[in-house]
Amino acid sequence: MESEAGHGALPLDSGTGRPVPEVEPAIVERWRSERGELVELLAEVRERCGGVAAFRLGPSRTVLVTDPSAVQHVLARYPERYVKRSHRARLLIGDGVLAATGTAWKRQRRLLQSQFTGTGMRRYEQRITEAARTTAGRWAGYARTGQSLDVGREMRRFALDAIWRSLTGHPLDDDTERELDAVAVVATALPTLPADASEARDAVAADLARIDAVAAHAIEAARNGAPGPEGPGLLRVLTDAGTEHPEYGDQLIRDELVTLLAAGHETTATTLTWLYLLLDQHPAARGQTLGAGGEGSPERRQAIQALIHETLRLYPSAWILPRHAAEDDVLAGYTVEAGTDLLVCPYLTHRDPELWPDPENFAPRRFVTPGGRPAHLGAYFPFGIGPRACLGVQFALRESTVLLEHLLPAHTLVFSSVPTKAAYGMTVRPDGPTVATLVG
């Protein structure tokens with residue numbers, strides 16, 4: 001039976017299922033012996049067994065989900081059956097909205113949702129624009145002097161400035177930026193930290209203390225100080241929430257602040273860094289984008305957004321989404337027992353040749369050409385889908401678009417070296433320096 005997701009997708013759930021196909025143990029053992037990246041194992045599991053497939057890294061099975069109808073089923077149609085458990089970043093973000101579950105998550109999500117859609121987003125438009133202008137001015141200085149720059153660091157600096165202005169009403173200063181480097185340090189270290197929670201915390205205690213000190217100062221200023229030069233920020237919303245919801249004390253506000261800092265700048269910065277690396281490999285794409293329309297025109301903005309979306313297709317913000325089956329279910333015709341762990345993998349879905357012709361090729365026109373992208377539900381979800389999709393999607397797309405409107409017409413980047421592989425942690429990031437000079 002063909003699903004509502006379209007041709008080529010697996011059938012939707014119905015009645016009694018059959019066992020999920022499982023890759024041979026020898027495949028996993030070979031991967032272990034070669035010390036490969038997890039994504040390499042997942043790609044082989046999918047290649048051998050399809051869009052819903054199982055493998056064993058221990059005594060229990062894990063189910064990999066890449067088929068679009070199955071993705072839709074797990075993330076959007078039945079999120080109460082497939083739940084999030086402990087978040088990998090809880091050590092950093094505590095009980096922030098990304099890690100929260102149950103009624104606490106619903107309350108926190110409801111409070112923040114209004115800040116990142118519609119009227120809420122309009123509050124931050126000028127702050128995003130000012131952060132982009134600051135970056136553009138800095139790049140103009142690099143171009144005049146011939147000074148090289150680290151693109152990854154520049155993008156983190158811009159994205160951190162944009163979210164910091166939105167949170168506090170203040171532009172990012174050098175001291176705060178230096179202290180908040182600790183957010184990226186802890187996030188990068190998370191996959192390699194000891195399994196024991198106390199040992200893990202001890203390993204990054206100094207960096208967590210730096211983060212906590214910045215958060216405490218910002219919370220105190222939001223609660224008692226005058227608004228920043230750009231007016232009160234999102235932190236004021238969080239501190240005011242304590243009048244109706246006593247749980248919004250300093251600890252939960254700290255956790256939400258760090259969650260927004262971590263999720264709100266690292267993913268955007270990584271996407272923009274990949275975008276410039278892809279333009280280095282495909283220089284004609286810049287000319288096509290700028291040629292789509294004049295400065296400020298809807299046509300140019302659409303073309304810039306196509307660049308962003310194609311980058312997110314190849315390097316999605318959340319490359320893997322863990323879930324846990326809370327009850328028995330039939331998924332795309334396969335039986336999933338309660339207690340099963342699942343990995344939904346946008347990275348592999350976005351590179352499926354049955355969904356995306358020539359999937360390894362950087363082709364932004366997929367997103368502006370009628371029929372250029374698949375119509376399947378669940379075929380493109382760089383920020384997740386369903387009720388737990390990323391809150392900041394519109395913020396991330398807006399800040400990326402505004403920055404590129406400032407930078408793309410003014411400069412071409414010439415990289416002195418290009419990373420040869422990716423690192424798969426909380427995000428998919430270039431595994432190496434991204435040093436470049438500016439031309440134009």
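What share of the chain's contacts with a separation of 6 or more comes from residues 24 or more positions apart? Keep that in mind while you load the model, which is a predicted one. The figure is 72%.

**Start with the whole chain.** Show it as a cartoon and you should be able to pick out 17 helices and twelve strands. Switch to C-alpha atoms and orient along the principal axes: they fill a box of roughly 60 × 55 × 45 Å. The radius of gyration is 22 Å, and that agrees with a compact globule because 440 residues packed that way would come out near 22 Å.

**Now turn on the surface.** About 19300 Å² is exposed, with carbon and sulfur atoms supplying 52% of that area. Colour by burial next, and 53% of the 440 residues turn out to be buried.

**Select the charged side chains.** There are 47 positive and 55 negative ones in the chain. Drop a marker at the centre of each set, and the two markers sit 3 Å apart.

**Zoom in on residues 412-415.** This is strand 9. Show its side chains: Leu413 and Phe415 are on the covered face, while Thr412 and Val414 are on the uncovered one. That fits the general pattern, since side chains in a regular strand alternate between the two faces of the sheet.

**Add residues 435-439.** You've just picked up strand 12, which pairs with strand 9 in the antiparallel sense over four bridges. For a last stop, select phenylalanine 415 again, one of the residues on the covered face of strand 9. Which residue in strand 12 is its bridge partner? Pick alanine 436 and you have the pair on screen.

Methods:
Residues numbered from 1 in each chain as written. Predicted model: local features only at pLDDT ≥ 70, side-chain atom pairs only at ≥ 80, totals over all residues. Heavy atoms only, no water. Helix = DSSP H or I, 4+ residues; strand = E, 2+ residues; numbered from the N terminus. Rg over C-alpha atoms; globule rule 2.2 N^0.38 Å. Buried < 20%, exposed > 50% of the residue type's maximum accessible area, 1.4 Å probe, protein only. Contact = heavy atoms within 4.5 Å. Areas by Shrake-Rupley, 256 points an atom, 1.4 Å probe, with all protein chains shown as cover. Lys, Arg positive; Asp, Glu negative; His and termini not counted. Charge placed at Lys NZ, Arg CZ, Asp CG, Glu CD. Pairing = 2+ DSSP bridges.
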